[in-house]
Amino acid sequence: VDRDDMLARARLAGVTSIVTISTRVHRFDAIRAIAESDPDIWCTVGTHPLNAAEEPDVALETYCALAEHEKCVGIGEAGLDFHYDRAERSVADRVFRTQIAAARITHLPLVIHARDADDAMIATLEDEMGKGAFKAVLHCFSSTKRLAEVGVGLGLYVSFSGILTFKSALAVREAAESVPLDRLLVETDAPYLAPQSHRSKRNEPAFVAETNEVLAGVKGVSPEDMAAQTTDNFFTLFSKAKRPEERAAR
């Protein structure tokens, strides 16, 4: 409803690129329309693990075909969620692995959701990486340091949301401390998980500046350097997305 105002606040906070995440393929048209509405917005296509039972049999070819759109820069959100277990685990596994295959074929990064499923996630990632490399990010990280370290070892990025700023999130900050600077991202997971100073409010892209500041403190660098680093990391991982200056030069 207030998208224009929200984008204005984001730009004032220094946010120059936004990815709106797909959770259901059958709703991709709406996600794509949001991306098409503004040059600074991109999108993904995928089936969230909590929606795997709704879309248990999306064909690999479907993910790949939809990902060809110029504003689609990633596959997912995909993964495993054993906290809610809304889909049979065999179904969730199949849906996840299909999207891994799509990431491998399209060379687009996979946005990975992992909740209370670290052991299964590690086993799946190691198994699938053995079949052929793919790019990915462990999104909205709230898991163990071990998963972060295994992910980095497999070539993945790790992205931190407002959870990082919560007073109780000591384990998440410990995980962040272990991730190399060139593998870090920050995000909102909007409209959820607003950072500490905005707790209980609707999250929005401008608030990512607070998460960036806390991450900078964890890593012992300035907020400005962390912002530059995470921006570079974003465009390295989501290589189909274009920097504002690249778009202006075209």
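This report describes the sheet, the helices packed on it and the nonpolar cores of a predicted model.

**The sheet**

Seven strands make up an open sheet with parallel pairing, and their order is E1-E2-E3-E4-E5-E6-E7. Strand E1 (18-20) and strand E7 (184-186) occupy the edges; each has a single partner strand, so one side of each remains without a neighbour in the sheet. On average, and with direction ignored, neighbouring strands of this sheet are turned by 35° against each other.

At the E1 edge, three bridges link E1 to strand E2 (residues 41-45) in the parallel sense, and Ile18 is placed opposite Ile41 in E2. Further along the sheet, E3 and E4 run parallel and are joined by six bridges, with Val111 in E4 serving as the bridge partner of Gly76. Strand E4 is largely enclosed by the rest of the structure, because five of its six residues are buried.

Strand E1 also contains Thr20, which is buried, with a relative accessible area of 17%. When residues up to four places away in sequence are not counted, Thr20 touches Ile31, Ile34, Ile41, Trp42, Cys43 and Thr44.

**Helices on the sheet**

Two helices that lie on the sheet can be set side by side, each with its direction given against one strand.

| Helix | Residues | Strands touched or crossed | Angle |
|---|---|---|---|
| H2 | 28-36 | E1, E2 and E3 (72-81) | about 160° to E2 |
| H4 | 89-106 | E3 and E4 (110-115) | about 155° with E3 |

Helix H1 (residues 3-12) has Met6, Leu7 and Ala10 among its residues, and these three are buried. Since they cover an arc of only 100° around the axis, they are on the same side of H1. The buried residues of H1 pack against E1 and E2, whereas the face turned away from that buried side carries the exposed residues Asp4 and Leu12. Just after H1, Gly14 adopts a positive phi of about 95°.

**The nonpolar cores**

The largest nonpolar core comprises 62 residues, and within it Phe96, Leu110, Ile112 and Phe160 are those with the most contacts. Helix H4 supplies the largest share of this core, namely seven residues. The surroundings of Leu110 can be given in detail: leaving aside neighbours within four places in sequence, Leu110 is in contact with Ile75, Ala78, Phe96, Gln99, Ile100, Ala103, Phe134, Lys135, Ala136 and Val137. Apart from the largest core lies another, of eleven residues, which include Trp42, Val73, Tyr157 and Leu185. Trp42, one of the residues of that second core, is also among the residues that Thr20 touches.

**A helix pair**

Helix H7 (residues 170-178) and helix H8 (residues 208-219) pack at an angle of about 65°, and their axes are 9 Å apart. The crossing in which H7 passes H8 is right-handed. At this contact, Arg173, Ala176 and Glu177 from H7 meet Val214, Leu215, Val218 and Lys219 from H8.

Notes:
Residues numbered from 1 in each chain as written. Predicted model: local features only at pLDDT ≥ 70, side-chain atom pairs only at ≥ 80, totals over all residues. Heavy atoms only, no water. Pairing = 2+ DSSP bridges. Helix = DSSP H or I, 4+ residues; strand = E, 2+ residues; numbered from the N terminus. Axes fitted to C-alpha atoms, helices over the stretch in contact; angles between N-to-C directions. Contact = heavy atoms within 4.5 Å. Buried < 20%, exposed > 50% of the residue type's maximum accessible area, 1.4 Å probe, protein only. Arc of directions from axis to C-beta. Core = buried A, V, L, I, M, F, W, Y, C linked by side-chain atoms within 4.5 Å. Left-handed = near helix turned anticlockwise from the far one by under 90°.
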